[in-house]
Every structure is written in structure tokens, then in C-alpha cells.
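Hi everyone, thanks for coming. I'd like to walk you through one protein structure today, so please have a look at it before I start talking.

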Amino acid sequence: MDMPDKPFLRALAGEAVWPPPVWLMRQAGRYLPEYRIVRAQAGDFISLCTDPELATEVTLQPLRRYGFDAAILFSDILMVPWAMGQPLRFAEGEGPLLEPLRDSAAIGALEVDRVVERAAPILETVRRLSATLAVQHQRTALIGFAGAPWTVACYMVDGRGGGEFPHTRRLSYADPALFARLIRTVSDATVEYLLAQAENGAEALMIFDSWAGLLPPAGFRRWVIEPTAELVRRLRKRLPEGFPIIGFPRLAGPMLVEYVARTGIQAVGMDTAMDPRWAAANIPAKVALQGNLDPQALVAGGPGLEAEARALLAAMRGRPFVFNLGHGIVPQTPPEHVAALVRTVRAG
């Protein structure tokens, strides 16, 4: 894979770029007034995700303000079950709501072979972003993404976000064969969806496992590590050699070491609870680390934000690193605090 002069891609390839590249999870979103204007135009969230013109615009908005080193496709991890035909809506104040899926018939009704077709508007957004970055932001890389099979299954089975996904966890114990079938189905759809993003211009792929930390070690191995390793293996067979894949098993704790060793990802996200010095000491030096500033420090701003950012930079100096948050940026974040953070990171 040819390496363009993009700091983000160089870091993912194992180079200790300094100052490190920076982008923020959910960097396009409700904390930006310009985003709220576009969101109102779209009507509902799914319409925003599937309108290439509007989705391209909101993806680019934070680049214009802050000059981040990576843009991430504006979409949602639940567009995969939506594209498989599971009813989905986003309710104000409640988040995503899906028709719960808990039996063999419901799994059998999922249409894996329709995912790329139904995701065509999202893939058009990827194409538009790739073309725009090539002209207007030539050192900015484009990230495509999907949810990991475990995390997507949590929403599909429980039918909503938040909480501890009791129905999903019970199903994984009560009927592991049925649950494994669901995981395989989600994996099949996710492989095709991520490959299509890469084919249309994404330069790196990120796998979000936001609810990995709900599982005990045996469950983490079976439902987080094993499906992710298989997903990465299948992607690597069809992606260009060296194409970067980032994993983010949130709240993995010490299981992060095993996750990195067994999945074959090239970079791993650290959540807010992770000690970056521990990660730097225990994760192989060739694997890029990404994270893990507390989003609430970004809300607070001022000396506290600067101190946290500088401590993270000090812990990561000398190894491949991408500066980011430990979870997504929150709506209460003042945009000027983001600008101050970027200045601190750029100063190294």
C-alpha cells in the first residue's frame, strides 16, 4: 500500500509521528452550531445519514474549523442492521430503537445480501468525501467504520441503546448456538459493508466495540476477540496489503493485550479508563495507540484540559500514537475548547 503524506496514516503504519495526528470521535455533531442547522434540514437522523450531500457537509464541518488529521464518515453503527432490514428509528431523548430480534426466524429474515445495495447512499458519501479531501484537505485521511459484531448484536437483541443489554447477555448464555448464528450474520454483512467503504475511498477502517466491557473474560474472548479476529482476517484477504484497521474494544481493561495479539489490528483505541502508560508498556510498539482524553475534560477546558492533554502526550511520546478522546465528544462541549485542545496537541 503506497503511503501518502498523511500523518494519520503514517502513525497507523507504525511511525512515531510528532506532534501526533489528532481527530476526535464524534467530531461532527451536536456541539457544532453549523451541524445543528444541517440536522434540522434533514428532518430525522436516518435521513441525514443517507443523504450524501448533507452527510458529506457535516463530515467536513470540523475539518474546516480545526484542521483535523482524519475525517470519519458521518454515519452510525446501526446502519448495518437497518440495511439488513431490521426496523430502526431514532427517538428524541431515547436514542436508537429497533424491533428486538430474539429468535431463529427473525435472524433468518435478515437480508445480508442487500446490505451494500441499501447502503448505496452512504457509499456515495464516502466517494464524495474522498474526492473533496483529495482537493481541499490533502493531508487529511478518510476513516470508514462499522460496529463490531458483539456491539451491533447488543442493539439488535435488546432493541435499544444504553443500559447493560440484559437480553443480549442472557441469550448468549441460554442459546449460544443461536447467538453465534446472529454474530456470523452480522459479521457477514459487516465485511461487505467495510470493503465497500474501502473500495469507495476510505483509507482506514475502524471497528467500534462500544459494549465490549460488559463481558467477563470468557465471553470477551468468544464474542469480542474471536469475531473481530475473523472479521479482520476476512477483510485482509480482500484489502490491499497494509490497509490500516483500528479496533476499539471499549472498557477492555487488561484484556486489551489479548485483543491486540489475537485480532491482528494495526491500531487500538484506548478508552477513558485506560492508563496510557500501562498501554504503552504492554501493547507492542508497532501497534499504534489512539485516545484517550476524557470528553468531560474537553467540556471543562482551561488549565485542567491542558494538563490532561500534556500528560497524555508525555505518556505517548516516542511511539505510534493518534491523539483522540476516550469516548465520543459530548453535545455540551464548547467549540472553542476543541480549538484550544488542537493547539496544545500541535505544540507537542
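I'll go through the annotated residues, the pockets, the salt bridges and then one helix residue. One thing to keep in mind all the way through: this is a predicted model.

Okay, let's begin with what the database record says. The UniProt entry, which is unreviewed, carries a "binding site" annotation on Arg26, Gln27, Ala28, Gly29, Arg30, Asp76, Tyr155, Ser210 and His327. Do they all gather at one spot or not, and why? They don't, because the set spans 302 residues in sequence and its farthest two C-alpha atoms are 22.8 Å apart. Still, Arg26, Gln27, Ala28, Gly29, Arg30, Asp76, Tyr155, Ser210 and His327 from this set belong to the lining of the largest pocket.

So what does that pocket look like in numbers? The largest pocket holds about 1400 Å³ of space. There are 40 residues lining the largest pocket, and the ones closest to its centre are Arg26, Arg30, Phe45, Asp76 and Phe90. If you want to find the pocket by its secondary structure, look at α2, β2 (88-91) and β3 (95-98), since each of them supplies at least two lining residues. By class, the lining of the largest pocket splits into 22 nonpolar, eleven polar and seven charged residues.

Let's zoom in on two of the annotated residues. Ala28 sits in the loop between α1 (7-12) and α2 (33-42). Is Ala28 buried or exposed? Its relative accessibility is 13%, so Ala28 counts as buried; the cut-off for that word is under 20%. If we skip the neighbours within four places in sequence, Ala28 is in contact with Val58, Thr59, Pro62 and Phe74.

Now jump along the chain to His327, in the loop between β9 (321-325) and α17 (335-347). This residue has 26% relative accessibility, so His327 counts as partly exposed. Again not counting residues up to four places away in sequence, His327 touches Met25, Arg26, Arg250, Thr272 and Pro295. Notice Arg26 in that list: the "binding site" annotation covers both Arg26 and His327.

There's also a second pocket to look at. The second largest pocket has about 160 Å³ of space. Its lining is made of Ala180, Ile183, Arg184, Ser187, Asp188, Arg222, Trp223, Glu226, Pro227, Glu230 and Arg234. Where do those come from? Both α11 and α12 (217-238) supply at least two residues each, and α12 gives the most, with six. Here the classes come out as four nonpolar, one polar and six charged residues.

Right, on to salt bridges. As a reminder, side chains of opposite charge can pair when their charged atoms come close. How many salt bridges turn up in the whole structure? The search finds 19, and I've picked a few to show you.

Pair number one is Lys6 with Glu203, at 2.8 Å from N to O. Lys6 is in the segment before α1 and Glu203 is in the loop between α11 and β5 (204-209), so this pair ties together parts that are 197 residues apart in sequence. Both partners are buried: Lys6 has a relative accessible area of 10%, and Glu203 has one of 17%.

Next, Glu34 and Arg65 form a salt bridge, with their closest N and O atoms 2.7 Å apart. Glu34 belongs to helix α2 and Arg65 to helix α4 (residues 52-66), so the bridge links parts 31 residues apart in sequence. Glu34 is partly exposed, at 22%, and Arg65 is partly exposed too, at 41%.

My last pair is Glu164 with Arg169, where the closest N and O atoms are 3.5 Å apart. Glu164 counts as exposed at 52% relative accessibility, while Arg169 is partly exposed at 26%. Beyond pairs, there's a network as well: Asp5, Arg10, Glu15 and Arg139 are joined by salt bridges that share partners.

To finish, let's go back to helix α11 (residues 176-199) and pick out Val191. At 1% relative accessibility, Val191 counts as buried. Leaving out neighbours within four places in sequence, Val191 is in contact with Leu231, Arg234, Leu235 and Arg238. You've met Arg234 already, as one of the residues lining the second largest pocket.

That's my tour. Happy to take questions!

Terms used
Residues numbered from 1 in each chain as written. Predicted model: local features only at pLDDT ≥ 70, side-chain atom pairs only at ≥ 80, totals over all residues. Heavy atoms only, no water. UniProt positions renumbered as here; feature names shortened; annotations may be inferred. 1 Å grid on protein atoms, 1.4 Å probe; cavity = no way out; pocket = protein on both sides within 12 Å on 5 of 7 lines; lining within 4 Å. Helix = DSSP H or I, 4+ residues; strand = E, 2+ residues; numbered from the N terminus. Buried < 20%, exposed > 50% of the residue type's maximum accessible area, 1.4 Å probe, protein only. Contact = heavy atoms within 4.5 Å. Salt bridge = Lys/Arg side-chain N within 4 Å of Asp/Glu carboxyl O. Points joined across faces, edges and corners; volume = space filled by probe spheres on them. Nonpolar A, V, L, I, M, F, W, Y, C, P; charged D, E, K, R; others polar.
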